[in-house]
Amino acid sequence: MRADRVTVGNRRSRSCDVAIVGAGITGLSVAFHLLSRARREVMIFDRAGVAAEASGVQPGGVRQQWSTRVNCLLVRESLQTYHAIGDALSSTVRPVFQPCGYMFVAHSEGRLARLAADVEVQNEAGVPSQILTPDEAGDRVPDLRADTLLGAAWCAEDGYFDRPQSVVAAYGEAAERLGAVLEVVEVTRLAPASGRWRLTLSNGSSIEAHQVVLATGYDTTALLEPLGISLPIVKEPRYLFLSQPIRERLLEPLVVSGERSFAAKQLADGRVLASHTAADGDPATSAAAWRQAIRERIVEMLPRLQYVSFPILVDGYYDTTPDHQPIVGELLGGLWIAAGFSGHGFMLAPAIGRRVAAALDLDPIDALLSFFSPGRLKEPAAISERDWVV
Ligand SMILES: Cc1cc2nc3c(=O)[nH]c(=O)nc-3n(C[C@H](O)[C@H](O)[C@H](O)COP(=O)(O)OP(=O)(O)OC[C@H]3O[C@@H](n4cnc5c(N)ncnc54)[C@H](O)[C@@H]3O)c2cc1C
């Protein structure tokens, strides 16, 4: 179904029921779920196309090991969807979720106690995670230097997609099949217009919509500030180091050390991914030091990887909030936000998209979604997520 066109003065203007700004995984999931519920005119606007920002960089990690119950429950729900995402979206490409397991290691008693407390939260939410002894950790990760650990948290159901970008594309393909219209153009301004919202576009045209969803990542603040709305979403650079594809399987689970600011995993295409999660500064001058830090962690914990080199540096941005939780809800009548995913938006997208679509249809706000309401930012951080970085 195409949005209609009306003429305003001598400029062409158009209207639709719902305008979604941002064609990342969040905006596309909202569009798909909206159109799965009922026919309506949905338009998606992105200044650079599908998966142009974080959604096009993320390597497809999905974990249920969180320190807050809300994230455990939402990711657990998303994971159920992700297990059969090709069928759910009837996509031509069939992305496969590979449950390789995530291991969070502890080098100190304090970190082990923290991981144990998180495992309790996770188990109460139905997540089958557990604490492992160093030897048990060593059994799951070949050549892991178990003597450097006091223990680890482990969930065998956590894992990675083989082709993460095809998941994003599949949401876009499904939304368009159901009638969404995607336009590659920037939204430069939002303004109320007689009970609707007028979106000014960078090509000089405009469109009016009954409802607007801002799924615009770190740039959401730029559209809101002229409306007098200031939200604490910060653009935070993140870096991934990748090897060339390696035929041999060297590292199956994801291994994360929060204390060493380190994570590593071999992806489905054979590349080994490593990150120095505290990397900060200008890559042009600091990348060599970050590679060196990664090498030191590898020698300490995963010597099997010591001859792997990481020539490829991939960068992207987290849209980070103070409590490391997304901001999802209605800001003004008909104007919605779904942004600030703080590094875990890919794994939340199915559960969030479903809930935002229901809320746009005026269903009662789901109890889990209400945790992320913009209003919570005035309160002390009751749902602060502490294990948010990887
Ligand atoms: C290095 C890295 C690794 C990550 N790893 C994981 C992971 O393993 N698992 C996980 O769950 N998450 C991961 N994430 C986080 C995840 O990628 C994001 O949380 C998620 O992709 C956010 O999706 P989004 O659709 O909300 O935002 P984005 O993907 O950032 O999309 C926002 C879109 O809005 C568009 N836009 C912005 N302003 C405008 C405007 N004014 N007009 C038109 N268009 C506009 C942009 O072009 C962009 O396409 C990672 C992120 C990074 C950077």
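This is a short walk through a predicted model, moving from its two domains to the ligand and then through selected strands and helices.

**Stop 1: the two domains.** Start by colouring the domains. The domain assignment gives domain 1 as 4-58 + 165-233 + 322-378, and domain 2 as 98-159 + 235-318. Place a marker at the centre of each, using C-alpha atoms, and you will find 33 Å between domain 1 and domain 2. Now look at where they meet: six residues of domain 1 are in contact with five residues of domain 2. On the side of domain 1 that touches domain 2, three residues are nonpolar, two are polar and one is charged.

**Stop 2: the ligand.** Select the ligand next and show what is around it. You should see 38 residues surrounding the ligand, and the closest are G24, G61, G217, G316 and G345. Several elements each supply at least two residues of this shell: the helices α1 (25-37) and α9 (345-360), and the strands β3 (42-46), β14 (234-242) and β18 (312-320). Colour the shell around the ligand by residue class and it splits into 19 nonpolar, 13 polar and six charged residues. Why does the ligand lie between the two domains? Domain 1 and domain 2 both give residues to the shell around the ligand, so the ligand lies between them.

**Stop 3: strand β3.** Stay with one of the shell's contributors and select 42-46, which is β3. Five of the five residues of β3 are buried, so this strand is largely enclosed by the rest of the structure. Show the side chains: V42, I44 and D46 point one way, M43 and F45 point the other way, and all are buried. Add residues 181-184 to bring up β10, which pairs with β3 in the parallel sense over four bridges. At D46, look across to V184, its bridge partner in β10.

**Stop 4: the eight-stranded sheet.** Now show the strands in the order β7-β8-β6-β15-β16-β17-β14-β18, which form an open sheet with mixed pairing. Its edge strands are β7 (130-132) and β18, and each pairs on one side only. Neighbouring strands of this sheet are turned by 25° against each other on average, direction ignored. For a close-up, select residues 102-106 (β6) and 254-257 (β15), which pair in the parallel sense over three bridges. Within this pair, M103 has V255 in β15 as its bridge partner.

**Stop 5: the three-stranded sheet.** Another open sheet has the order β4-β9-β5, and here the pairing is antiparallel. The edges are β4 (61-62) and β5 (97-98), each pairing on one side only. Two bridges join β5 to β9 (residues 159-161), and these strands run antiparallel. Pick Q98 and you will find Y160 of β9 opposite.

**Stop 6: a hairpin.** Select residues 327-332 (β19) and 335-339 (β20), an antiparallel pair with five bridges. L332 stands opposite L335 in β20. Two residues lie between the strands of this hairpin, and G334 takes a positive phi near 85°.

**Stop 7: E176.** Finish on helix α6 (residues 164-177), where E176 is found. Is E176 buried, exposed or partly exposed? E176 has 18 other C-beta atoms within 10 Å, so it is partly exposed. For a last distance, pick its C-alpha atom and that of A31: they are separated by 8.7 Å, although the two residues are 145 residues apart along the chain.

Notes
Residues numbered from 1 in each chain as written. Predicted model: local features only at pLDDT ≥ 70, side-chain atom pairs only at ≥ 80, totals over all residues. Pairing = 2+ DSSP bridges. Domains from an automatic or database assignment. Contact = placed C-beta atoms within 7 Å. Nonpolar A, V, L, I, M, F, W, Y, C, P; charged D, E, K, R; others polar. Buried ≥ 20, exposed ≤ 12 C-beta atoms within 10 Å, placed from the backbone. Near = placed C-beta within 6 Å. Axes fitted to C-alpha atoms, helices over the stretch in contact; angles between N-to-C directions.
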